[in-house]
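Colleague: Please take a close look at one part of this model. Start from a single residue, then work outward to what surrounds it.

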Amino acid sequence: MEDSPVTDPSKAGKQHEQAASNAPKSGERPDQGSAPAADYEIPNADKPTKSSHEASANVPQQHIPAPETANAKYLFPILAQPPEALTGLRLEERSKVAAGVTAVIKSMQFSWAEGGVGRGSKALLGMNQKDGFDCSSCAWPDPDNHRSVAEFCENGAKATASDADDKAAGPEFFAQHSLAQLSRMTDRDQNNAGRLTHPMVMRPGDNHYSPIGWPAAFQIIADELNALKSPDEATFYTSGKVPNEPAFLFQLFVRQFGTNNLPDCSNMCHESSGSALSPTLGLGKGSVTLNDIHEAEVILIIGQNPGTNHPRMLTALQKAKRNGAKIISVNPLIEAGLVAFKNPQDFMNPLRALGALMGDGTQITDLYLQVRVNGDMALLRGIMKHLFEAEDLNPGQVVDRAFVAEHTTGFESFEQNIRSTSWADIEEQSGVSRAQLLEAANIIATKQKIITCWAMGVTQQRDGVQTIQEIVNLQLMKGAIGKPGAGTCPVRGHSNVQGDRTMGIWERVHSGFLDALEKEFTFTAPREDGLDVVETIKGMVDGRIKVYFGLGGNLLAAGPDTELIADGMRKQNLTVFVGTKLNRGHLVTGKTSLLLPCFTHADIDMQRSGQQMTSCENSMGVVSQNKGVLVPLAGQMMSEVAIISGMAIATLGQKTNIANWVAMTESYDVIRDHISRVIPGFENFNEKLRRPGGFYLPNGPRERKFTTKNGKANFTTTELPEHTLQPDQLVLMTVRSHDQFNTTIYEYNDRYRGIHGERRVLFMNVQDMATRGIKAKDLIDITSHFQGDQRTVEKFVAVPYDIPKGNVCAYFPEANPLVPIASVAKVSNTPTSKYVVVTVVPTKTANATQEELEARVKARELA
């Protein structure tokens, strides 16, 4: 172990900031509020956290037969999966540095190509500014104070360029292309078709969308919803792109209609984080601010690829490195953004421009631990086991005994659990040696300002919740929470995915929120839990759900078991899709389908009272304004608020206060006044939102106020999982490419990983390829195995890559058909896209006889 702070005070960094008495108080960070907010992500004692999932976590579920996957393209004229046509793979060496001048060039290319130089530049200059609009891409926070004139990253530029597109996909476009024809376009080409401009309908028997007026569209929704035997026969899905005001109205409408069926994209990403953090710390959100990242002494980045998914995070990591931080990265893949970073902002600094252009960039990671997929829990235990051994040699210098005694419970059981874990199990399951874990422990042992960041590489494991609880255990044993430079940092994906949950978009919101909502709007809210994403998909397939409404997003491409979702969609009486651009999810429809165009974050939203603004909450609990700067394209697009209000008035009629819905549409300040009286932390919402930079929501763990049932931070004693594979089986994880955000595909490239011109690739360890007689660029088929069922996708290209033996990796949505609907994380019910058991063989499609191919085509024609 390194010297401790007792023998070398410099090892502890700024010690005067580390005492509990100096923990940040409300008001020390801008407008944080006076008390920790109630946690609406996870219920209090009136509803135990995901009790139904937790109780059945280790109980065999009802068997759900695997859908047809490989032959689905022959059975259904409208393709639910992306077409198999290969687009031309070119391989290069993996990049060793992220961003740099290439990122600047790519940002400009996308922006000017989509919206033109003038429109594209105006959008970029308004993005993430205090008087502008919130980036519709990731939820990484903006600086509290000074912001660059170019406060965006490459992927934010791509997202905004897509939003600023000056091409229209209007009635003429849909008249020219049937749904079947559109489904044979690649996902990139669908997105690039242009902005949706007019409400469209597909009626029973049609194969094209055709124009419809807004009143008629609202009436179709109202008639279908009101014809249901129960409100619970409808489900209402939400994308994390939806701002706070329409999200609040959406959940209000759904609950006034009479159901809590509010699945959202959180169910598929950070549900595991909320499920782990709330019972341990009292709040299902992270506890750090952007300034904490800058001040940290040690930052662990686990299961996250910031270079592609949250590129602006690299600027914060660079600042932390320049302040002396050590960074430990844990990931099965060596990602360029975790290796080194050339900050595009440095090109505007004369003192740094030459170094940014010619140099190697800032080294980000000090220790890279290339863990096996789903091996993170074992890895964390190994680090903590080393820390306990160091504590034995240096009593009181490694574990923060004072913090543990004053603020926590469950330490003794946790300690015994870690100490009793064998090194053999730790090394076998993590794939990381005891010596490497000692390096990590030595970096951490004497430090107190520690932050752990994680994303879907952790949350989408079978044991994702328990792994995050081990992260919390590590933070607690070091007393690394509730002080500057320390805490938990789940890095959220979409721009307002955290805000939507705060606004009540959740299928299990507890009684405190519902009580306040009932009081404010004078109605009786449903109290029965609704369905999350996984249960919604099951309900659509088995007939319990008959109407699907999607407020943004692309459930077909984002969810697991693609062909099962498609089966459920086809069984719906009505599917409704609110969106800005065409995606594959709009094409696999119910008997009747509506496609309703809405504004983007960048669009100017004019209502009766003038230009409106909305708000978003970022990953660190800052709520700031979102005010568009671009004139919307010609057409009949409406704001999300107006669409929800029109639907509510048509559906609810005299069951609701129609005048209030009208008032909320004419001025979004009225919505915010309602929010201020319903949700703690939003008092004086309209006033605080107009302050430059917005305001922080209250955060109990940030102040060492743990709103758990016992008022303490709770250590967790977890069970180390055992996973057994057959000799020929591998473990698949799905990831994004660099030219992709969530399910939106901008291009076919992934330049940081050396992939150009293709998405149907499988990254494989060279030894695994050799064992199976597979060479680079060979065509392969991939089959997943779960509960005796098999799902197969065909015609992928094998790519040799630096990935742990026994692990493979592919992009979603192409690999999503392999993810079984019943394979979910314990407690959170999140699909396990980071743990899919597969086998890989040379493709059968290329070797199929002409008779076999003709038989498949005939089967499709008969269907």
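**From one residue outward**

Modeller: Thr 734 is buried, because its relative accessible area is 1% and the cut-off for buried is under 20%. Keep in mind that this is a predicted model. Thr 734 sits in strand β25. Leaving aside residues up to four places away in sequence, Thr 734 touches Ala 810, Phe 812, Ala 815, Ser 833 and Lys 834.

Now the strand. In a regular strand, side chains alternate between the two faces of the sheet. On β25, Leu 730, Leu 732 and Thr 734 point one way. Val 731, Met 733 and Val 735 point the other way. Both sets are buried. That makes 6 of 6 residues buried, so β25 is largely enclosed by the rest of the structure.

Next, the pairing. β25 runs parallel to strand β32 (residues 807–811), with 5 bridges between them. There, Met 733 has Cys 809 as its bridge partner. Ala 810, a contact of Thr 734, falls within the residue range of β32. β25 also pairs with strand β33 (residues 836–842), this time antiparallel and over 3 bridges. On that side, Leu 732 is bridged to Val 836.

β25 also borders a void. The structure holds 11 cavities of 30 Å³ or more. The second largest has a volume of about 330 Å³. It is lined by 32 residues, and the closest to its centre are Gly 303, Met 456, Gly 457, Val 735 and Lys 834. Two of those names tie back to the start: Val 735 belongs to β25, and Lys 834 is a contact of Thr 734. Three elements each give at least two residues to this lining: α12 (306–309), α21 (456–459) and β25 (730–735). β25 gives the largest share, 3 residues.

For comparison, here is another strand system. Six strands form an open sheet, in the order β6-β5-β18-β17-β16-β7 and with mixed pairing. β6 (210–211) and β7 (234–238) are the edge strands; each has a single partner, so one side of each lacks a neighbour in the sheet. Inside that order, β5 (residues 200–202) and β18 (residues 592–597) pair antiparallel over 3 bridges. Val 201 stands opposite Leu 594 of β18.

A helix lies across this sheet. α28 crosses β16 (547–551), β17 (574–579) and β18, and runs at about 155° to β16. The helix covers residues 640–652, and its end C-alpha atoms are 18 Å apart, which agrees with the 18 Å expected for 13 residues at 1.5 Å a residue. With 11 of those 13 residues buried, α28 is largely enclosed by the rest of the structure. The buried set includes Glu 640, Ser 645, Met 647 and Thr 651. Just after the helix, Gly 653 has a positive phi of about 55°.

Helix α22 makes a useful second case. It spans residues 464–477, 14 residues in total, and reaches 20 Å between its first and last C-alpha, close to the 20 Å expected. In α22, 14 of 14 residues are buried, so this helix too is largely enclosed by the rest of the structure. A glycine with positive phi follows here as well: Gly 479, just after α22, at about 65°.

Back to the starting point: Thr 734 is buried, and its strand, β25, is paired with both β32 and β33.

Key. Residues numbered from 1 in each chain as written. Predicted model: local features only at pLDDT ≥ 70, side-chain atom pairs only at ≥ 80, totals over all residues. Heavy atoms only, no water. Helix = DSSP H or I, 4+ residues; strand = E, 2+ residues; numbered from the N terminus. Expected span 1.5 Å × (residues − 1). Buried < 20%, exposed > 50% of the residue type's maximum accessible area, 1.4 Å probe, protein only. Pairing = 2+ DSSP bridges. Contact = heavy atoms within 4.5 Å. Axes fitted to C-alpha atoms, helices over the stretch in contact; angles between N-to-C directions. 1 Å grid on protein atoms, 1.4 Å probe; cavity = no way out; pocket = protein on both sides within 12 Å on 5 of 7 lines; lining within 4 Å. Points joined across faces, edges and corners; volume = space filled by probe spheres on them.
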